Amino acid sequence: MPQLEASPALDFQSEAYKDAYSRINAIVIEGELEANDNYKKLAEHLSEHKDDLIKLARMENRHMKGFQACGKNLNVTPDMEFAKVFFAKLHDNFKEAWDEGKVVTCLLIQSLIIETFAISAYNIYIPVADDFARKITEGVVKDEYMHLNFGEEWLKANFETAKAELEEANRQNLPLVWQMLNQVAEDAAVLGMEKDALVEDFMITYGEALGNIGFTSREVMKLSAQGLAMA
């Protein structure tokens, strides 16, 4: 893989690397914080799953602390203001859906889009990470698959009533992923992460999640195309 070949050449202490890392590290910290907050909110709506959702929220909080430690290990201060702006649109869409009681949309944003985005980024980052961050990230990504599975199982069990809202939520939110990937592509490249690999990993994982929920292969392709067309 190109990432594995690039790894030995990376200078984790260079100013260019640390500058890019300040934004990438902030994004993963903010992403885990957003997830912590989102799962706490979902626990209020899905009272029958409250204990499970609170557990997921606590796991996300631990992940956040782990990534904060990764930044400290490289003596990098995360650019949290950048990260808040980076997640602003997804954050606002989740809040709007939450205020309207649209649990299905909230689950698509958090349990499918954000978790899949995280899984893809972590999978591409692990081969090029410094030793400390690699160990942290390998532990985190295993947990994220569990979080993705929660959303898949709930949406699968409620697929018939959730399908129309899922399609609308996909149209509204999937294009944001491409905007986010474009925004971070340059910094990711400095860290040895290829944009094409990120896109490919996301598309595969997100498509599999949609299929697991109940969409046909043809519908998955249509949903993916709708997102891309509006990106």
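**Exercise 1. Find which helix gives the largest share of the lining of the largest pocket, and describe that pocket.**

Step 1. Start with the lining: helix 8 supplies the largest share, 4 residues. Helices here are DSSP runs of H or I with at least four residues, numbered from the N terminus.

Step 2. Get the terms straight. On a 1 Å grid over the protein atoms alone, a pocket is an open set of points with protein on both sides within 12 Å along at least five of seven lines, while a cavity is a set of points where a 1.4 Å probe fits but cannot get out; a lining residue has an atom within 4 Å of a point.

Step 3. Look at the space itself. The largest pocket holds about 160 Å³, where a volume is the space filled by probe spheres set on the points, and points are joined across faces, edges and corners.

Step 4. Pick out the residues. Among those lining the largest pocket are Asn-93, Glu-96, Lys-102, Glu-165 and Gln-172. Two elements give two or more residues to this lining: helix 5 (88-99) and helix 8.

A word on the model before you go on: it is predicted, so local features need pLDDT of at least 70 and side-chain atom pairs count only at pLDDT 80 or more, while totals for chains, interfaces and linings use all residues. Residues are numbered from 1 along each chain as its sequence is written, and side-chain values use heavy atoms, leaving out hydrogens and water.

**Exercise 2. Describe the surroundings of Asn-93, a residue in helix 5.**

Step 1. Check its exposure. Asn-93 has a relative accessible area of 24% and is therefore partly exposed; buried means under 20%, exposed over 50%, and partly exposed in between, with a 1.4 Å probe and protein chains only.

Step 2. List its partners. Leaving aside neighbours within four places in sequence, Asn-93 is in contact (heavy atoms within 4.5 Å) with Ile-109, Gln-172, Asn-173 and Leu-176.

Step 3. Try a distance. The C-alpha atoms of Asn-93 and Glu-34 are separated by 12 Å, and the two residues are 59 apart along the chain.

**Exercise 3. Locate the largest cavity and name the residues nearest its centre.**

Step 1. Count. Searching the whole structure gives 1 cavity of 30 Å³ or more.

Step 2. Size it. The volume of the largest cavity is about 370 Å³.

Step 3. Walk around its wall. It is lined by 30 residues, and Ile-27, Val-28, Phe-117, Ala-121 and Tyr-122 lie nearest its centre. Elements giving two or more residues to this lining include helix 2, helix 3 and helix 6.

**Exercise 4. Place the two UniProt "binding site" sets, one at Glu-32, Glu-60 and His-63 and one at Glu-60, Glu-115 and His-147, in the fold.**

Step 1. Note where they come from. Both are recorded by UniProt in an unreviewed entry; positions follow the numbering used here, feature names are shortened, and annotations may be inferred rather than shown by experiment.

Step 2. Take the set with Glu-32, Glu-60 and His-63. These residues span 32 residues in sequence, but no two of their C-alpha atoms are more than 6.5 Å apart, so they gather at one spot. Glu-32 and Glu-60 from this set belong to the lining of the largest cavity.

Step 3. Take the set with Glu-60, Glu-115 and His-147. Spread over 88 residues of sequence, they still cluster in space, with a largest C-alpha distance of 10.7 Å. Here Glu-60 and Glu-115 are part of the largest cavity's lining.

Step 4. Add the helices. Glu-32 sits in helix 2 (residues 15-45), Glu-60 in helix 3 (residues 50-73) and Glu-115 in helix 6.

Step 5. Check burial. Glu-32 is buried at 2%, Glu-60 at 0% and Glu-115 at 1%.

Step 6. Link them up. Not counting residues up to four places away in sequence, Glu-60 touches Glu-32, Glu-115, Glu-144 and His-147, among others.

**Exercise 5. Identify the residues with the most contacts inside the largest nonpolar core.**

Step 1. Define it. A nonpolar core is a set of buried Ala, Val, Leu, Ile, Met, Phe, Trp, Tyr and Cys residues joined through side-chain atoms within 4.5 Å.

Step 2. Read it off. The largest core has 79 residues, and those with the most contacts inside it are Tyr-21, Leu-112, Tyr-125, Leu-155 and Leu-166. Helix 6 (residues 103-125) gives the most, 16 residues.

Step 3. Follow one member. Beyond four places in sequence, the contacts of Tyr-21 include Cys-70, Leu-74 and Tyr-125.
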